[in-house]
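This report describes the fold and the interior packing of a protein model.

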Amino acid sequence: MQKLLLTLTAASSLLLAPLALPPAALAQRVVDVSPDLNSQNVSPSTSISGQFNSTDGGAVDVNSVRILVNDRDVTNNSVVTRNFFSYRPDQALPAGQNRVRVEYASVNGQRRVVEWSFAVQQPQAAVRITSVTHNAASNPLGPGSTFLATVNGTPGARGSVLLIQDGRTVRELPAQEVSSGVYVATLNVQSSDRVAEGVVVGRLLRQNQVTYAAAAQPVVLSTSAGGTTEAPQVGGSTGGSTGGSTSPGTSTGTGSTGSTAALQPRFTSHQEGGQVSGSFTLVGQTRPNARVNVNVNSRVSVLGGLINLGSQSLLNEEVTADANGRFQVQVPLPSRPTSGTQYIVRATARTGNEVSNPTQLTLSQR
């Protein structure tokens, strides 16, 4: 949390002290307030807290502390010590601007008043997942196939799929909302992918709400399986079929030589698992004059990917391939690039009503 110092500053909306205090009293202050000063979209159930910092000043008289939220005295429902105060609302805070006022004095009788405000988000419907399906439920998938997972749920969220491969290793796949409330994640199965009984978990995040749901069927990836490749239907798919027909213009299997195979983007500048330095340019090949949508997300994880420390959307751009089918996009750096940062690249191509199978590539920062 950014450390906020509540001081006598005319330019700040946070007010401190109506009294003229001796210099020693200025060291008596409030820091690390939560929610932050002027923060937006705060949860209505948030806790309100702060720390008393009395370095070089008198200690806080606990009995003098009064905490008011929207002019309501909540001191009796708060936790107050000489160094800390915290209040958890017994009912949801109202949407819009909320005000906090903390009055206190030092053991030497020096009185202080601190005020700040924050904005609570408007009420919203709960994020829900209605189903999680995938195309490896009936038959194992082998190298060269595309694993496809579909999450159906609340529209307008940020989706991802967690593939728990052996009960311990978690692989996160970004999901794209291909139609309202339908999120699709794909993985190009490699010869190194061996999963005997994988678990597929869908995840939807919207603002501060997050929900999870698991697919009923396990995933099997095997080097001895041929598998199938199935692309999501555009404009009305409601689930991840485990067989049967595909959407118009898509293909199953790995040996197709038709027009859709030529349409599916392939990257010529980088290979799966490659490394990059700084910002980088992706170059690829598709059908001449096709429109290619390229989506790039960065993520930082530890413990072999078990814990995700954060992700960031870097690029979501549509480009048109030239007359030879060549396309390229420039990928910017994340806000805090570190060694080991992963870049998940996903590309699909479109020409007329024909949409290609998605191509996914994972790169890492040197």
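The sections below treat the overall composition, the nonpolar cores and one open sheet.

## Basis and overall composition

The model is predicted: local features need pLDDT of at least 70, side-chain atom pairs count only at pLDDT 80 or more, and totals for chains, interfaces and linings use all residues. Residues are numbered from 1 along each chain as its sequence is written, and side-chain values use heavy atoms, without hydrogens and water.

One helix and 26 strands make up the secondary structure (DSSP runs, H or I of at least four residues and E of at least two, numbered from the N terminus). Of the 366 residues, 45% are buried (under 20% relative accessible area, 1.4 Å probe, protein chains only).

## Nonpolar cores

The largest nonpolar core (buried Ala, Val, Leu, Ile, Met, Phe, Trp, Tyr and Cys residues joined through side-chain atoms within 4.5 Å) has 23 residues. F147, V151, V161, V200, L204 and V219 have the most contacts inside this core. Strands that each supply at least two of its residues include β11 (146–153), β13 (170–179) and β15 (195–206). A second, separate core of 22 residues includes V294, V319, A321 and F327.

Beyond its neighbours within four places in sequence, V219 is in contact (heavy atoms within 4.5 Å) with residues including H134, F147, L163 and V200.

## An open four-stranded sheet

Four strands form an open sheet in the order β2-β3-β7-β6, with antiparallel pairing (at least two DSSP bridges between two strands). β2 (29–34) and β6 (78–80) are the edge strands, each with a single partner, so one side of each has no neighbour in the sheet.

β6 pairs with β7 (residues 84–87) over three bridges, and V79 stands opposite S86 in β7.

Terms used: Buried means under 20% relative accessible area, exposed over 50%, partly exposed in between (1.4 Å probe, protein chains only).
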